Amino acid sequence: MSQNSNFEQRQDEGISVFLTSSALDLSGVVASVKSPKAGALVLFAGTTRDNFHGKTVTHLEYSSYPPRALKTMLSIAQTMKQKHALTAITMGHRLGVVPVAEESILIAVSAPHRQPAWTAGEEALEMCKEKVEIWKLEEFEGDQGGVWRANQDGPSHVPSDLASSSDISK
C-alpha cells in the first residue's frame, strides 16, 4: 500500500485503514482484501478531476488530524464489515497535494457475494466523505484561487485566501 515514512495505519481482523502522503497503490489495496472465501471484490478509486463547476482544477490538497481520522476510518470499516458480512475491507486516503488524474481515496472490499460488496463499498465511501476528519483545498487555474471544502461533494465552504492550511488542520 505504501512504504513511506509518511504512512499511518490502523488494523483489525480483516480490516486495514491508512493515511499516506505517497501515491496510492491500487494493486496493493486489492491484494489486501483478496481471499479464497470471497466471491466478489470491489474497488473504488476516487481521482482528482480537472474541473469543478466550469473552473479548471490544478490539484487538490488534503489536510487531516491523522489520529482522529484513522479512528473514524477504522470505525466505519468495522461497521461495514459487520453490517455486510465482508471478508475484508481496506480504506486508504492520500494527504497533501494530489495532482489531476491521481487517486486520493481507495476503498476495497471483498465478500462471499457481489451485492454486499457493491453496497458496502458505496456506503463506506459516503460515510468517509461525511464523517472522516479530512479537509481538501481545491486549487483552480489562474487567479481563481482555491476553496477549502469538507471532504465531500457540494458547495464551496471557505475561500483559500480566508484560511491557511495551518488554520484548517488544527
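Take K83 to start with: at 53% relative accessibility this lysine counts as exposed, because the bar for that label is over 50%. Keep in mind that you are looking at a predicted model. K83 has a partner, E123, and the closest N and O atoms of this salt bridge are 2.9 Å apart. The two come from distant parts of the chain, with K83 in helix 2 and E123 in helix 3, 40 residues apart. E123 is a little harder to label by eye, but at 23% relative accessibility it counts as partly exposed.

How many salt bridges does the structure hold? There are 4, and two others are worth a look. In general, side chains of opposite charge can pair when their charged atoms come close.

Stay on helix 2 and find R68, whose salt bridge is with E133, the closest N and O atoms being 3.5 Å apart. Here too the pair links distant parts of the chain: R68 belongs to helix 2, while E133 sits in the loop between helix 3 and strand 9, 65 residues away. R68 is partly exposed, at 38% relative accessibility. Is E133 buried or exposed? With a relative accessible area of 18%, E133 is buried, since anything under 20% gets that label.

Now move to R94 and E102, whose side chains meet in a salt bridge at 2.6 Å, N to O. R94 is buried, with a relative accessible area of 8%, whereas E102, at 29%, is partly exposed.

So much for the charges; on to the greasy part. In soluble globular proteins, nonpolar side chains tend to be buried together. In this model the largest nonpolar core has 34 residues, and I89 and M91 touch the most other members. Which elements give two or more residues to this core? On the helix side they are helix 2 (66-84) and helix 3 (114-131). The strands are strand 2 (15-20), strand 3 (40-47), strand 5 (55-64), strand 6 (88-94), strand 8 (103-111) and strand 9 (134-140). Helix 2 gives the most, with 7 residues.

To get a feel for the packing, click on I89. Leaving aside neighbours within four places in sequence, I89 is in contact with G14, I15, S16, V33, A77, M80, K81, A108, V109 and A124. Apart from the largest core lies another one, of 7 residues, and F18, L24, V29 and A108 are among them. A108 thus turns up twice on this tour: as a contact of I89 and as a member of that other core.

Technical notes. Residues are numbered from 1 along each chain as its sequence is written. This is a predicted model: local features need pLDDT of at least 70, side-chain atom pairs count only at pLDDT 80 or more; totals for chains, interfaces and linings use all residues. Side-chain values use heavy atoms; hydrogens and water are left out. A nonpolar core is a set of buried Ala, Val, Leu, Ile, Met, Phe, Trp, Tyr and Cys residues joined through side-chain atoms within 4.5 Å. Buried means under 20% relative accessible area, exposed over 50%, partly exposed in between (1.4 Å probe, protein chains only). Helices (H or I, at least four residues) and strands (E, at least two) are DSSP runs, numbered from the N terminus. Contact means heavy atoms within 4.5 Å.
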